[in-house]
Amino acid sequence: MLLIRCPYCEAERPELEFTYAGEAHIARPADPSALSDDEWRDFLFIRTNPRGRHFERWRHMHGCGRFFNAVRDTVTDKFAMTYKAGAPRPSDEEIALAASSVKEARP
Amino acid sequence: MSNFRIAGKGRVNRSRQVRFSFDGVDYTGYEGDTLASALLANGVHLVGRSFKYHRPRGFLTAGSEEPNALVGTDRGNGRFEPNTRATVLEVFEGLKTESQNRWPSLTRDIGAVNDSLYMMFSAGFYYKTFMWPKSFWNKVYEPFIRSAAGLGKAPTAPDPDTYASRFAHCDVLVVGGGAAGLAAALEAGRSGASVILCDEQTELGGSLLSEPAAEINGQLAWDWLEDTNAALASMPNVTVLPRTTAIGYYHQNFVGLCQRLTDHLAIVPDGAPRERMWKVRAKQVVLAQGAIEKPLVFAGNDRPGVMLAGAARTYLNRYGVKVGNRVVVVTTHDSAWHAAFDLAKAGVEVAAIVDVRGTVPTQLVSAADALRIKTKIGWTVTGTKGRLRVSSVRVNPVGAGGKVGGAETIACDALLMSGGWTPSVHLFSHTQGSLTWNEDGQMFLPGRGKEECRLAGAGKGRFGLKAAFEDGAAAGAAAAADAGAGSGAEPASYHVEGELSFTGVTGRELPTDRDPGHAKAFVDFQNDVMAKDIRLAVREGFKSIEHIKRYTTNGMATDQGKTSNINGLAVASDALKRPIPAVGLTTFRPPYTPTTFGTFAGYNKGALFDVTRKTPIDGWAEENGAVFEPVSLWRRAWYFPQVGEDMHTAVARECKAVRTSVGMFDASTLGKIEIVGPDAAEFMNRMYTNAWTKLAPGRCRYGLLLGEDGFIRDDGVIGRLAHDRFHVTTTTGGAARVLGMMEDYLQTEWPDLKVWLTSTTEQWSVIALQGPNARKLIEPFVEGIDLSEGAFPHMAVATGRICGVPTRLFRVSFTGELGFEINVPARYGRAVWEKLFEAGQRFGITPYGTETMHVLRAEKGYIIVGQDTDGTLTPDDAGLSWAVGKTKPDFVGKRSLSRPDMLANDRKQLVGLLTADPKTVLEEGAQIVLDPNQPVPMEMVGHVTSSYWSAELGRSIAFAVIQGGRSLQGQTVHVPMPDNVHSATITGMVFVDPENKRLSA
């Protein structure tokens, strides 16, 4: 069972408290009617499904109830960082920094 | 019966005799015995029949890795368990055990005919034999395989035991309480860290329990152990858990421990849990799991009386039991020599030590000479004899170039073998830690880890007590320091006298002068896999160890190959002519040893398996004879049978009451969400298909919710209480899902909207009063609301008081009759219900359940989301286009409704069905075809979604989804069922009062 850090509660909690909510940074288009069928299909169904670093949404369902974003490795399952909904996709440097500070916090 | 107990040896309590039985024969043992040691003390070696060939089998090991000695255990009071390993089962007064996989008896077993047919049952037997003819599969092959499959009898009575579970957190978790684990726990404990030390055995000590002669820092091993136990017990920061197996190691140092609490007790205290699952989150983990001895692979290595040398040594030193009167030792490793020495010193005749190696450390040979034990160095074992117990062993010299010379036969009643030791890296592997092959030690050792974890002692190839102690101490100190509790002090050093010698080689089958293709040389004892099976698999083209494992089933039994994996790998490597690391190792998976389902289930069984949600009115329904049905997590009154009524009559009576006078229904389970805020209407506009801006406060509207893919997700009546406040209802099962979906959009897509969402499902009790007399009934009890048709028409909502308590009163109907849904604060629900029930007597008020509700709504053509829809229906498919706000620029799912597939005219559409025979009630889920005479498989064009007997109409009614259904109105379709093909006509969905006159009566 994973430990997940809720960026709103600012605390690590067991996976039991959370629900997964799909890939992150897929914003609902402001005007869906302006999209072609193919563009709308891509928004609905097409996901990156990477091997490795994945940006994804979680919800602290049995806690504060907030949705937030996370960077997790799909091979090792390890979380590099979590951050609040609406925050921009973190850069490689930010992810590396966060991952190393997580390591320091839990030697 | 002979006695194999040796005076003055072992740790069993000689002052506490216990009686137990095996296969109906009574035996005595001592407190501290396992079933294995107690049976061996009585001279019993034969304890089971092997899985495939039904070969007689005895004890191979003295630990949890045992593949052979599996027994059925009856602990009384319905406590029966199959496949208990006799080597870990503690005996107690009254324990009953039985052997398995034999008929009619253990000594005469019909199934043993398989053994003579062994050439037929080769690797892949099942794949090759049961291929054809295809028609044989269901009738012949499957029943045959099923009756032969499985080991042991499944218990027939429900498990009477309870099981506990708990979470725990610690700085350092030490797995394994042998030399390394004890040293680690001592260091970590002394540093002040919080420590959990677990060990699967009855008592701590590991191999020290079998090494009474070793001296540690000047103390005899068992004295040192006693002091260490006391030291650990005196540390309040250390929790010691014996009889506790670490079964799985998961992400972020999460380790599952199974603690056995009562299996060893003759009398189980009332209510005591049998086992407890510890879910431990440790900052640091030290794995000190030790090592498991490997058997040697030679013909006849599986007879009762053939066992691992280390096991024989444990039986002697720990339990005071000699495993035979005349033993032979065969080995490729030094450690077996020590078993021979200990047995000889205890007065057992050691007929010979056969060492397959060409050279052996000289001190071992001189020690053997001193004990007058004959040694045969550079000899091999090529066979054994003895049907139910080994009686002799056939040995041959191996000359230069591997040539096997003439055989000699040595009589014996026990044959002890050792092919070296395999470090237990199971838990480390659970975490995807990599393993590297150590060529010198011929073993896999832990490589790069993925967790905050250290290994220590024999579990990482550091054999010998001093190495284990010092490795463990270093690991414990470092773990404590990394957990933030370290003192920085140097770990303790250990001085050990009486170390064993630990060199040896590991290899494939022993050399033989006979045809290896016919040798019954077992690799996997539990699954009856022989070396020749693995070679056959390789000849048949299998190259990957993962495939070889599955084809031969090597390592796939309940022992997960603890004694067989490395031997199997060595044989496969030899057959493939590739080095062992290139062949690879199969993956270890949790649990480490077989674990009861009860432990995993814990408290979650019976009434605690799942939540049963009950409404405030549930108690009244129960007292008034309701039959209940589960609806999502709720239990709901299904119908209220009166004396002598079956469901059919009860539902017909309830339906009639609603249509002619008044019925009452507990609708409290409806999901309810309060949507409040300046942007509440805008939020509603975006979420639901309908338009909400113009809905006046005090009015309700049927709301339809889609997913972004355009398919119906939920529906419900929504009341606008004020400009900025909506009372949303959802389906009973959809409440949490809908709120979650709303939260998702609000938090992540439209965080700018000023709206607050609150679940109010359990805050309101909802009483539906339905029927022409509904208004007359409640009028006298309502304050502050004008109930007249003009002031409070269908789809109106108002707040006021009823029976003196606050209410949100809805004028709504899910029956087609004049009706109200009375929301009152939950705590008043039952009182208001009872008051109205009493007052309604003059109208013959009738409580009704969900079945009647279903019939009444179907008569009116109202759908139930989740029954009539299945996640593939659009609003148009369901005939609900009228609920879609066409002029709204956007709402969730709108864009999808114009995708080409969603506009196709052959989509499945919801329609009504009337059967040709009015008495036929179709089966829900039944498939529909257009031409009943077409060849099978027929083209199915849809299925029945709802089907009932309508008392009102005196006939059956149904809904169905049918391809292009709405354009087929009036056409006949067919419903093939096992008994008959029913025909039916496609109709509209409204069967009763299509003009909605009754709603406004």
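**Exercise 1. Decide whether Tyr20(A) is buried, partly exposed or exposed, and describe its aromatic partner.**

Solution. Tyr20(A) has a relative accessibility of 43% and therefore counts as partly exposed, since buried means under 20% relative accessible area, exposed means over 50%, and partly exposed lies in between, with a 1.4 Å probe and protein chains only. This is a predicted model, in which local features need pLDDT of at least 70 and side-chain atom pairs count only at pLDDT 80 or more, while totals for chains, interfaces and linings use all residues. Residues are numbered from 1 along each chain as its sequence is written, chains are lettered from A and ligands numbered from 1 in the order in which they are written, and side-chain values use heavy atoms, with hydrogens and water left out.

The next step is the partner. Over all chains the structure holds 29 aromatic pairs, a pair being rings of Phe, Tyr and Trp (its six-membered ring) with centres within 6.5 Å, stacked if the planes are under 30 degrees apart, edge-to-face if over 60 and tilted for the rest. One of these joins Tyr20(A) to Trp58(A) in an edge-to-face arrangement, with 5.3 Å centre to centre and 75 degrees between the planes. The pair links distant parts of the chain, because Tyr20(A) is in strand β3 (residues 19–23) of chain A and Trp58(A) in strand β4 (residues 53–59) of chain A, 38 residues apart; helices (H or I, at least four residues) and strands (E, at least two) are DSSP runs, numbered from the N terminus. Trp58(A), at 7% relative accessibility, counts as buried.

**Exercise 2. Work out how the rings of Tyr702(B) and Trp882(B) are arranged.**

Solution. Tyr702(B) and Trp882(B) form a tilted pair, 5.6 Å centre to centre and with 35 degrees between the planes. Tyr702(B) belongs to strand β36 (residues 699–706) of chain B, whereas Trp882(B) is in the loop between α23 (850–859) and α24 (900–903) of chain B, 180 residues apart. Tyr702(B) is buried, with a relative accessible area of 17%, while Trp882(B) counts as exposed at 61%.

**Exercise 3. Find which residues of chain B lose the most area to chain A, and place this within the interface.**

Solution. The contact takes 31 residues from chain B and 30 residues from chain A, contact meaning heavy atoms within 4.5 Å. The area buried between chain B and chain A is about 2500 Å², with 47% of it given by carbon and sulfur atoms; buried area is the accessible area (1.4 Å probe) that two parts lose on being put together, summed over both. On the side of chain B, Gln252(B), Gln747(B) and Arg895(B) lose the most area to chain A, together 26% of what that side buries.

There are 4 salt bridges between chain B and chain A, each a side-chain nitrogen of Lys or Arg within 4 Å of a carboxyl oxygen of Asp or Glu. Arg28(A) forms a salt bridge with Glu708(B), and the closest N and O atoms are 2.5 Å apart.

**Exercise 4. Describe the surroundings of Thr76(A).**

Solution. Thr76(A) lies in the loop between β5 (67–73) and β6 (79–84) of chain A, and is partly exposed with a relative accessible area of 23%. Leaving aside neighbours within four places in sequence, Thr76(A) is in contact with His251(B) and Gln432(B).
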